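This report sets out how the strands of a sheet pair and how helices pack on that sheet. The reader is invited to follow each element in the structure shown below.

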Amino acid sequence: MEEEVEEKTSEYLYLLYRNGKGEDKTLSQLGLLRKIKDAVKNNQEITKKKGDGYIQDRFINQMKAGEGTSFLNSYDFTKVKFALGKATVGGTFDGTIHRNDNGTTHFDGTITYQFYDKFTDPYDLFNAIPLDLNPDGKPYTITGQWTVRIKGDY
């Protein structure tokens, strides 16, 4: 397992773009894995509309409703780490789901999360223009993966 380093600043991420060679990075290499994991579980500000709940809770509700055991969506991570802007998170549940007689749903398994962001065109963090101009740097990707154990009635 890759050891996580101290959290890098938004300026550091920009300098990787500006002075780097487009070398891809992981969340662990940037010291961001724990922060992103916590945001997926506990930060409703990154979902599309305030009040939509946490990503993990929304996924569990999706599965409870019988709407699939995987998801892939774009979220706004600027309040978690400004330099990230919008990034993609996906998840897949592997395990058992059982509907209880009392109306709850029992889960026993793991969610494997995937994170993907392409650090490109930092002058357009919110992707207002469909083109990536990159006048003074080389884009790179930021990826991450982690699992969360889910066991209990929801």
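Strands β2 and β3 pair in the antiparallel sense over 7 bridges; two strands count as paired if DSSP finds at least two bridges between them. Helices (H or I, at least four residues) and strands (E, at least two) are DSSP runs, numbered from the N terminus. Within this pair, D76 has K86 of β3 as its bridge partner. The model is a predicted one, in which local features need pLDDT of at least 70 and side-chain atom pairs count only at pLDDT 80 or more, while totals for chains, interfaces and linings use all residues. Residues are numbered from 1 along each chain as its sequence is written, and side-chain values use heavy atoms, with hydrogens and water left out.

The sheet as a whole is open, with 5 strands in the order β1-β5-β4-β3-β2 and mixed pairing. Its edge strands, each paired on one side only, are β1 (25-26) and β2 (70-76). The pairings are listed here, each with one pair of facing residues.

| Strands | Sense | Bridges | Facing residues |
|---|---|---|---|
| β2 and β3 | antiparallel | 7 bridges | D76 and K86 |
| β3 and β4 | antiparallel | 12 bridges | G90 and Q114 |
| β4 and β5 | antiparallel | 14 bridges | I111 and V148 |
| β1 and β5 | parallel | 2 bridges | T26 and T143 |

Strand β4 covers residues 105-119 and β5 covers residues 140-153. Another bridge partner in β5 is G152, which belongs to F107. The hairpin of β3 and β4 has 5 residues between the strands, and G103 in this hairpin takes a positive phi near 95°.

Two helices that pack on the sheet are described next. Helix α1 (residues 10-19) touches β1, β4 and β5, and its direction makes about 140° with that of β5. Contact means heavy atoms within 4.5 Å; axes are lines fitted to C-alpha atoms, for helices over the stretch in contact, and angles run from 0 to 180 degrees between N-to-C directions. Helix α2 (residues 33-42) touches β3 (86-99), β4 and β5, and its direction makes about 50° with that of β5.

In α2, the buried residues (under 20% relative accessible area, 1.4 Å probe, protein chains only) are L33, I36, A39 and V40. Seen down the axis of α2, these residues fall within an arc of 130°, so they line one face of the helix; the arc is that of the directions from the helix axis to the C-beta atoms. The buried residues of α2 pack against α3 (55-64), β3, β4 and β5.

Definitions and conventions: Buried < 20%, exposed > 50% of the residue type's maximum accessible area, 1.4 Å probe, protein only.
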